[in-house]
Amino acid sequence: MSMDDVSAAPDRPTQEISLTVNGEDVTAEIEPRVKLSDFLRNYVDLNGVRVGCEHGVCGACTVSFDGDLIKSCMMYAVQTDGGEIVTVEGLGEDGSLHPIQEAFHEEHALQCGFCTSGFVMSTKDLLEEDPDPSQEKMEAHLSSNICRCTGYQNIYDAVRTAATKMEEDD
Amino acid sequence: MSRSEPAIDEIQDEPDEETFVGTGLNRVEDHRILTGDAEYIHDITPEACLSMGLLRTTHAHADIVDIDTSAAKEHPDCDLVLTGEDVAAEYNPMPCGLNSMSEWALARDTVRFVGEPVALVVATDRYVVEDLIDRIDVEYDTKDAITDPVTARQDETLVHEELGTNVPDSERLTFGEVDAAFEDADNVIESQYSWGRISGVPLETAGVVAEYDEETDSFDIDCNIQLHTLVDDTIYEPLGYDADDVRLSVPPDVGGSYGTKIAIHRYCTLAAMASQQLDGRPVKYVEDRIENLQGGDMHSSDREYMMRLAYDDDGIIRGLDVNFIDDFGAYPRYPVNQALKPLSVVTNAYNIEPVRYNYELVLTNKTAQTAYRGFGVDPHLYALESVVDDAAYDLGMDPYEFRQQNLIQPEQMPYKLPSKNIYDSGDFPEALARIRELVESEERAEGGLLEPDIVEKKRDEGKYRGVSYTVHIEPGVSGADWTDRQRSDRDELTDREMDDVDELPEHLRCELEADGTVRTYLATDSSGQGHQTLVKQLLADQLEILPSDIEVDYLDSVEAPTEYGSAASRMAVMLSGATEGLGETVVDNLEQLAARHWDVDQDLVTYRDGAVERDDKTERLSRIDLFEIDMEADGDRLTYAEYDYEHPVLDIEAFGEAFTQKYPVYPTAAFAANAPIVEVDIETGEIEVLKFYSLRDCGTQLNPTIVEGQAHGGLAQGIGAALLEEFSYDESGQPQAVTLFDYLLPSTKNIPEMHLEHSETPSPFTATGAKGTGEGGMIDGPASIATAINRALEPFDITADRIPVTPDRVRKKLREE
């Protein structure tokens with residue numbers, strides 16, 4: 001979808017926003033009603049932001065905004081003007097996988113994969129806060145993301161493996 | 001053909017390993033998903049693509065008096081508005097699961113469930129589409145809604161007046177001397193059980209991108225439908241085109257389906273119609289979550305059971321009488337045969353001779369049913385294990401002992417059920433004994449969850465713990481022929497012979513590429529099961545090459561022959577059989593090619609380690625050489641091969657009765673012995689599964705990592721079904737679960753530690769010894785949790801007679817005690 005299509009409509013006012021997404025500057029002219037999740041997917045082409053419910057339950061659209069973990073379907077893009085967004089696409093460097101992504105692969109912590117971006121972002125946030133989380137802490141932190149395929153067992157294993165990998169990397 | 005992304009990190013190829021099959025080879029699908037590069041249907045947006053949305057009715061039952069679309073059409077950004085009458089003027093209705101009925105993609109005259117679409121709009125983007133939907137004005141004349149299936153059976157208010165009944169399908173099947181068995185038995189118990197409206201709810205909603213090509217007068221439809229070669233008629237028939245003119249492609253990555261997405265044809269049909277009306281502009285539709293939950297055609301089994309069991313004082317079961325009604329909602333979709341699949345495991349793991357099976361399919365003003373993991377077996381096993389519990393209590397017998405003495409014995413294998421399906425292999429008594437031994441030794445001991453002192457202490461706090469031991473069969477593979485029993489003349493079935501039986505083989509093809517890669521094409525779609533990995537793993541062994549030498553892509557519905565598809569715990573068996581056959585064909589082809597090139601007899605050449613060599617060791621042709629030679633040759637290409645793996649038991653005479661009479665044929669019996677430990681809080685009514693023990697056997701494990709993952713996921717869905725999930729309706733037909741705040745999916749807070757162990761009892765019927773494994777946990781989870789709750793609440797004489805067992809229901813029962 002192009003921005004021209006949107007800005008041309010007379011009864012649909014737009015607003016310019018500038019922000020950083022995965023380290024790159026992005027400037028766009030958008031309608032205030034555009035959700036952050038739709039903005040990231042349709043305007044910045046970051047399809048790793050998955051949209052599963054659009055009412056803040058499933059967590060598939062989880063991204064980092066100014067260092068906080070947020071559900072991008074619950075914010076408008078204009079609210080992030082001047083801010084800094086990191087999505088799953090911003091984790092690996094030079095095409096390689098981030099240790100968390102590696103751990104999810106090794107532990108078979110994904111099946112259909114639709115929730116995976118959100119879980120990876122949530123795991124990153126958790127391990128930054130606590131590099132060696134207890135089972136209870138993992139469960140609490142990851143309870144804002146839903147996975148319908150894995151039954152979570154392998155996700156816990158992946159978080160533990162990722163913690164080990166990240167500790168070794170430090 | 002849809003080409004998957006090349007897997008970058010590939011797999012950790014381990015050439016030292018003797019074989020790849022049987023190892024937990026890491027999945028090739030993962031890299032693209034983890035990096036966000038995977039292209040799901042929501043991500044496909046061709047240039048100049050328009051967006052479609054649907055106006056859905058808020059009434060459960062009403063006549064449409066008038067639809068005013070003028071305000072929407074006047075909007076400068078509106079590209080198209082269509083109503084039911086517009087669709088009817090040019091197109092056909094969608095087929096149903098029963099011949100007597102059909103359904104329009106947009107309602108005409110009457111709406112029959114909340115969420116039923118009445119108009120479609122197309123515009124530049126979804127936000128504008130939502131604006132336009134608000135500008136359509138529909139005038140309704142509301143009617144009484146019928147929501148209770150028991151009342152609906154009385155036909156006082158009809159969902160479809162022209163049909164004249166709310167019960168369009170039913171059957172009463174009797175196997176053996178049932179009445180005599182019930183008369184002769186010492187005891188007969190009769191109990192009722194309810195199974196709430198539960199379904200898969202994948203995180204990815206339905207989506208479609210349709211494009212009509214004016215030049216060729218044909219359609220290209222990308223969508224996340226499940227079984228795209230089997231159910232394509234639900235799309236090309238309403239469009240009024242031949243199968244070859246409607247090309248359905250499913251992306252390599254689908255965000256979960258669990259059966260539910262076999263019924264998304266309404267969306268595919270409407271987007272294709274819209275594209276045709278717009279001279280071929282591509283049109284995209286993505287269902288939103290609220291649409292998905294209330295009117296997305298994806299609810300599943302919703303049953304009321306009346307079970308009767310005849311048994312003697314010594315605890316031997318003499319007969320089983322199964323009666324249920326299944327609330328199918330407003331239209332009977334293709335999965336009407338969910339009502340029949342339980343016949344394939346009608347007595348579960350028990351040796352019971354005379355059986356009656358009596359069902360009625362009832363229509364109400366609710367969303368139509370689709371398939372869900374287990375396909376109707378999950379409620380059956382729940383009802384059966386519940387009545388077995390009730391009988392054991394009635395006799396004052398330990399339910400474990402009662403179950404154990406009625407199990408099918410290993411020496412009875414292969415075991416033919418009264419309903420004519422055959423269990424292939426398994427030692428059920430051993431499995432039941434083993435799970436009990438494991439849990440009793442681990443958990444009754446000091447520090448265990450069931451340590452008597454702890455159990456007592458917890459009871460003082462109002463928390464009641466319980467565990468039960470049960471064995472469950474997961475029927476696998478199915479067959480295509482029986483699935484239209486309800487669309488067949490049942491009186492004529494007795495005349496059928498094996499020649500009349502029409503099964504669908506599993507098709508697989510491959511071609512050698514210039515760089516030696518073996519590019520393989522699957523004819524079925526996937527939704528997270530790891531089929532690309534499985535085929536790489538199997539074919540690498542067959543061709544003595546590395547998984548990274550193989551690429552796996554998917555065929556669209558025109559390229560592929562009609563397949564049964566990824567359902568019914570089928571793919572491990574069918575794909576492994578097809579891969580084995582394909583590998584042999586490739587080897588033979590390449591040997592022929594090399595022999596011809598060297599001008600020697602084929603007996604003098606041998607395929608080895610991915611190349612062909614002369615037996616005198618003088619020359620060797622690599623796959624790259626063979627490709628070049630084949631390109632220069634005339635005639636059929638020998639670097640191309642295809643194979644159709646026939647249904648594994650089509651030639652086994654013992655299955656003849658089931659095949660010809662169209663009784664459900666499921667030739668693999670995977671099984672599980674379960675022991676969930678539950679805790680019921682009698683103050684709040686909340687139930688927590690503290691730990692889930694499960695011993696599982698799906699025959700030969702092709703990829704143990706994937707097998708374990710399927711078990712985890714299935715059990716999690718089983719826990720959700722048992723305790724949390726339900727699409728309930730109020731009396732006026734308003735759905736009560738339209739967001740994920742209401743339809744509760746299990747989170748990390750609800751899923752306990754799972755202790756799984758796997759054994760391997762190979763199937764004697766399948767090429768590789770594999771049995772199905774996709775549905776297991778969802779099939780056996782709810783029944784085992786319900787019986788564990790029965791144990792926990794034994795002191796109150798309360799049983800889990802309604803699924804899901806929600807806190808309010810538990811509290812109500814406790815109050816009534």
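In this predicted model, the centres of domain 1 and domain 3 of chain B sit 40 Å apart, taken over C-alpha atoms. The two domains do touch: domain 1 of chain B puts 16 residues into the contact, and domain 3 of chain B puts in 18 residues. If you look at the domain 1 side, α14 (531-543) and α15 (571-598) of chain B are the elements to find, since each supplies at least two residues of the side that touches domain 3. Helix α15(B) gives the most there, with six residues. By class, that side of domain 1 of chain B comes out as seven nonpolar, seven polar and two charged residues.

To place those pieces, it helps to have the domain bounds of chain B at hand. Domain 1 is made of two stretches, 30-34 and 504-645. Domain 2 covers 39-406, and domain 3 again takes two stretches, 412-478 and 664-817.

Now zoom in on helix α14 of chain B, where you'll find Lys536(B). Is this lysine, Lys536(B), buried or exposed? Lys536(B) has 29 C-beta neighbours inside 10 Å, and because the cut-off for buried is 20 or more, Lys536(B) counts as buried. Leaving aside residues up to four places away in sequence, Lys536(B) touches Val28(B), Pro547(B), Ile550(B) and Val552(B). Another residue to pick out is Arg519(B): Lys536(B) and Arg519(B) are 17 residues apart in sequence, and their C-alpha atoms are 9.9 Å apart in space.

Next, step out to where the two chains meet. Here 46 residues of chain B are in contact with 47 residues of chain A. On the chain B side, the elements that give two or more residues are α1 (30-34) and α18 (704-723) of chain B. Which of the elements gives the most to this side of chain B? That's α18(B), with six residues. The chain B side that touches chain A divides into 17 nonpolar, 18 polar and 11 charged residues.

Cross over to chain A and you get a division into domain 1 (3-90) and domain 2 (99-169). Their C-alpha centres lie 24 Å apart. Across the boundary, 14 residues of domain 1 of chain A are in contact with 11 residues of domain 2 of chain A. On the domain 1 side of that contact, strand β3 (residues 62-65) of chain A gives the most, with three residues. Sorted by class, the same side of domain 1 of chain A has eight nonpolar, five polar and one charged residues.

Last stop: a pair of helices in chain A. Helix α4 (residues 116-129) of chain A and helix α5 (residues 135-142) of chain A have axes that come within 10 Å and cross at roughly 130°. That angle makes α4(A) oblique to α5(A), because only angles over 145 degrees would count as roughly antiparallel and 65 to 115 as roughly perpendicular. As for handedness, the crossing of α4(A) and α5(A) is right-handed. Which residues of α4(A) and α5(A) meet? From α4(A) come Phe119(A), Ser122(A) and Leu126(A), and they meet Met138(A), His141(A) and Leu142(A) in α5(A). The residues of this helix contact divide into four nonpolar, two polar and no charged.

Notes
Residues are numbered from 1 along each chain as its sequence is written. Chains are lettered from A and ligands numbered from 1 in the order in which they are written. This is a predicted model: local features need pLDDT of at least 70, side-chain atom pairs count only at pLDDT 80 or more; totals for chains, interfaces and linings use all residues. Axes are lines fitted to C-alpha atoms, for helices over the stretch in contact, and angles run from 0 to 180 degrees between N-to-C directions. Helices (H or I, at least four residues) and strands (E, at least two) are DSSP runs, numbered from the N terminus. Angles under 35 degrees count as roughly parallel, over 145 as roughly antiparallel, 65 to 115 as roughly perpendicular and the rest as oblique. A crossing is left-handed if the near helix is turned anticlockwise from the far one by less than a right angle, and right-handed if clockwise. Two residues are in contact if their C-beta atoms, placed from the backbone, lie within 7 Å. Ala, Val, Leu, Ile, Met, Phe, Trp, Tyr, Cys and Pro count as nonpolar, Asp, Glu, Lys and Arg as charged, and the others, Gly among them, as polar. Domain bounds come from an automatic or database domain assignment. A residue is buried if 20 or more other C-beta atoms lie within 10 Å of its own, exposed if 12 or fewer, and partly exposed in between; C-beta atoms are placed from the backbone.
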